[in-house]
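Grab a pencil and let's work through some charged pairs. Each exercise comes with a solution you can follow step by step.

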Amino acid sequence: MSIRIVIVDDQAMVRAGLRMIVESEPGMEVVGEAADGRDAIAVARRTRPDIVLMDISMPRLDGLSAARELLDAPSPPKVITLTTFDSDENLYAALRAGTSGFLLKVSPPEQLIEAIRVVHAGDALLDPAVTSRVIATFAGRAEPKPSPRLDGLTPRELEVLQMLARGITNAEIAQELYVGEATVKTHVARVLMKLGLRDRAQAVVFAYETGVVRPGAA
């Protein structure tokens, strides 16, 4: 089964470039394109893709608003946001919207392909160039508010949540905890289920907003 992808960008040349990159990779198929957020919603509903590559700045309806609408629907696709600007606010807004990935348009093609595969597998990915900005974004915000949902986590699950907030991979978590990757995947799945979160990207937001991890402590 191919990974079905919709490409959304207001620039035709950018869409063409992204299509070339995606379709050069075995097991990936572009099933639709859109030039703005409103069309993106219509195309995604018609083609039911696995992944939507979504530009942030677009006419009629911006990418973040379109992503929120798509992700609020039943059985939504995964959304990877693309931008030329690595601003704190864009990153924060993308994570809050529930997107599963955030990449700069200047990222190398192989990183885009990796992002698609990682997100399709149920994980989340942030561009290495902007991962550190997650911490900087939350540093200047209001005092964290503890959540009663944290009470349902075991000490090990809380530890895994802290590691997720640091942006490290399952393999790195397994190495730190001296367990297998399959065990880590089980812990991550339980953390997300207990906290009612969609994926690791939302776990990062939750961890900082509730004070599980504080800026400068990771």
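The exercises below look at salt bridges in this predicted model.

**Exercise 1.** Work out which parts of the chain the salt bridge between Arg15 and Glu33 ties together.

*Solution.*
- Start with the contact: the closest N and O atoms of Arg15 and Glu33 are 3.0 Å apart, inside the 4 Å cut-off for a salt bridge.
- Next, place the partners. Arg15 sits in helix H1 (residues 12–23) and Glu33 in strand E2 (residues 28–34), so the bridge joins parts 18 residues apart in sequence.
- Finally, look around: Arg15, Arg19, Glu23 and Glu33 are linked in a network of salt bridges.

**Exercise 2.** Decide whether Lys194 is buried, partly exposed or exposed, and do likewise for Glu157.

*Solution.*
- First, the pair: Lys194 and Glu157 form a salt bridge, with their closest N and O atoms 2.8 Å apart.
- Helix H9 (residues 181–195) holds Lys194 and helix H7 (residues 155–165) holds Glu157, so parts 37 residues apart in sequence get tied together.
- Now the accessibility. Buried means under 20% and exposed means over 50%.
- Lys194 comes out at 34%, so call it partly exposed. Glu157 has just 3%, so that one is buried.

**Exercise 3.** Find which helices the Glu69 and Arg45 pair links.

*Solution.*
- The two side chains meet in a salt bridge at 3.5 Å, N to O.
- Glu69 belongs to helix H3 (residues 63–71) and Arg45 to helix H2 (residues 37–47), 24 residues apart.
- As for accessibility, Glu69 is partly exposed at 30%, while Arg45 is exposed at 53%.

Conventions
Residues are numbered from 1 along each chain as its sequence is written. This is a predicted model: local features need pLDDT of at least 70, side-chain atom pairs count only at pLDDT 80 or more; totals for chains, interfaces and linings use all residues. Side-chain values use heavy atoms; hydrogens and water are left out. Helices (H or I, at least four residues) and strands (E, at least two) are DSSP runs, numbered from the N terminus. Buried means under 20% relative accessible area, exposed over 50%, partly exposed in between (1.4 Å probe, protein chains only).
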